[in-house]
Amino acid sequence: MYDFKIITNTTADLPLSYIEENGLGLMIFNYTIMGETYSRGHELDWKEFYELMRAGNMTTTSQVNPEECREYFEEYLKETKQLLYLCFSSGLSGTYGSACLAAEMVMEEHPDCKIVVVDTKCASMGEGLLVHKAVQLKKAGKTMEETVDWVEENIPHLIHIFTVDDLNHLYRGGRVSKTAAIVGTMVGVKPVLHVDDEGHLIPLSKVRGRKKSLNALVDFMEEKMGSYRGENDIVFISHGDALEDAEFVRDEVKARFGIGSFMINHIGPTVGAHSGPGTIALFFMGEVR
């Protein structure tokens, strides 16, 4: 029996083994590709998903609605009376609003339980890194309230820096403007973006060439870490079916900053539907987003 249970989403892009080893709850976002919808219990291999995207197939995603959130909460309340849901950025999805509504309904029906919903303003393994920090606090014996306090205080210090091969994927999903997407069509130009304090995707710069864009991620890390360099006992890296590039970024971070612990994982279909194949994202603690 856990004192409290931490719940995350498939948008956190954490390995399933990590989810299981740490007893995490998992809300699964649905997506549709080639006319077929994939959801809980009916999932597509991520490698096959990226092959379909590279072949030109469009993907649509849907947020977790209030009724689905309610079902998840009621399922996890069978294990413990306290739930901490670290939710996908409200700047990218309406799931946070759905979860807040569902939590209120469930707590009215079950007055002896407590559900806290936190808008992480994070995505992909940025969300995953925040979940990891919460898991470590829980293992250290912190209460749910203490964990929530730390998470909310440190959300502005969870830095996301990423590069995509084609901004048009983000434009089609409404994640960046048409003006920004035009940059993504320029030959050889690789945009670098970040997630701001409100959880929105914002272009940072554009560079020519893939290798320069990967090095730019590490350059921005050096710029943004500041006094938080010592807080980076582990760095997370996610990729859109581009493991070699993710490993290149890892090696650069290791060589430049002496950081020795990393978690690398693929970007799942929910986030990958918008970021596209070839995306590389770097997540760490820093002074400001």
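**Entry 1: histidine 239**

I began with the surroundings of histidine 239 and looked up its contacts, where contact means heavy atoms within 4.5 Å. Leaving aside neighbours within four places in sequence, histidine 239 is in contact with Trp46, Tyr50, Ala246, Ile264, Asn265, His266, Ile267, Thr279 and Ile280.

Before going on, I noted the basis of the entries. The model is predicted, so local features need pLDDT of at least 70 and side-chain atom pairs count only at pLDDT 80 or more, while totals for chains, interfaces and linings use all residues. Residues are numbered from 1 along each chain as its sequence is written, and side-chain values use heavy atoms, with hydrogens and water left out.

I placed histidine 239 in strand S11, residues 235-239. Helices (H or I, at least four residues) and strands (E, at least two) are DSSP runs, numbered from the N terminus.

Is histidine 239 buried or exposed? It counts as buried because its relative accessibility is 5%. The cut-offs are under 20% relative accessible area for buried, over 50% for exposed, and partly exposed in between, with a 1.4 Å probe and protein chains only.

I also found that the side chain of histidine 239 reaches the backbone nitrogen of alanine 242 at 2.9 Å.

**Entry 2: serine 238**

I then turned to serine 238, which also lies in strand S11. Serine 238 counts as buried because its relative accessibility is 0%.

Which residues does serine 238 touch, not counting those up to four places away in sequence? I listed Ser124, Met125, Asn265, Ile267, Thr279, Ile280, Ala281 and Phe283. With one of these, serine 124, the side chain of serine 238 makes a side-chain polar contact of 3.1 Å. A polar contact is a pair of N or O atoms within 3.5 Å; within protein, one must be able to donate a hydrogen and the other to accept it, and residues adjacent in sequence count only if both atoms are side-chain atoms.

I also compared sequence and space: serine 238 and aspartate 13 are 225 residues apart in sequence, and their C-alpha atoms are 7.7 Å apart.

**Entry 3: aspartate 13 and lysine 121**

That pair led me to aspartate 13, in the loop between strand S1 (5-9) and helix H1 (16-21). Aspartate 13 is buried, because its relative accessible area is 4%. Its phi is positive, about 55°, although aspartate 13 is not a glycine.

I looked up lysine 121 for its backbone angle too. Its phi is near 55°, a positive value in a residue other than glycine. Lysine 121 is found in the loop between strand S7 (114-119) and helix H5 (124-139). With a relative accessible area of 22%, lysine 121 is partly exposed.

**Entry 4: aspartate 245**

I located aspartate 245 in helix H10, residues 243-257. It is partly exposed, at a relative accessible area of 23%.

Not counting residues up to four places away in sequence, aspartate 245 touches Arg210, Leu214 and Ile280. The side chains of aspartate 245 and arginine 210 are joined by a polar contact of 2.9 Å. Between aspartate 245 and threonine 279 I recorded 34 residues in sequence and 9.2 Å in space, C-alpha to C-alpha.

**Entry 5: threonine 95**

I found threonine 95 in helix H4, residues 95-109. Its relative accessible area is 0%, so threonine 95 is buried.

The side chains of threonine 95 and serine 93 share a polar contact of 2.9 Å. In addition, a polar atom of the threonine 95 side chain lies 3.2 Å from the backbone nitrogen of valine 64. Beyond residues up to four places away in sequence, threonine 95 touches Phe29, Gln63, Val64, Tyr85 and Cys87.

**Entry 6: the whole protein**

Finally, I looked up the overall values. The protein contains eleven helices and 13 strands, and 55% of its 289 residues count as buried.

I checked the radius of gyration, taken over C-alpha atoms, against the globule rule of 2.2 Å times the number of residues to the power 0.38. With 289 residues, a compact globule would have a value near 19 Å, and the 18 Å of the protein agrees. Along the principal axes, the C-alpha atoms fill a box of roughly 60 × 45 × 30 Å.

Among contacts between residues at least 6 apart in sequence, 75% join residues at least 24 apart.
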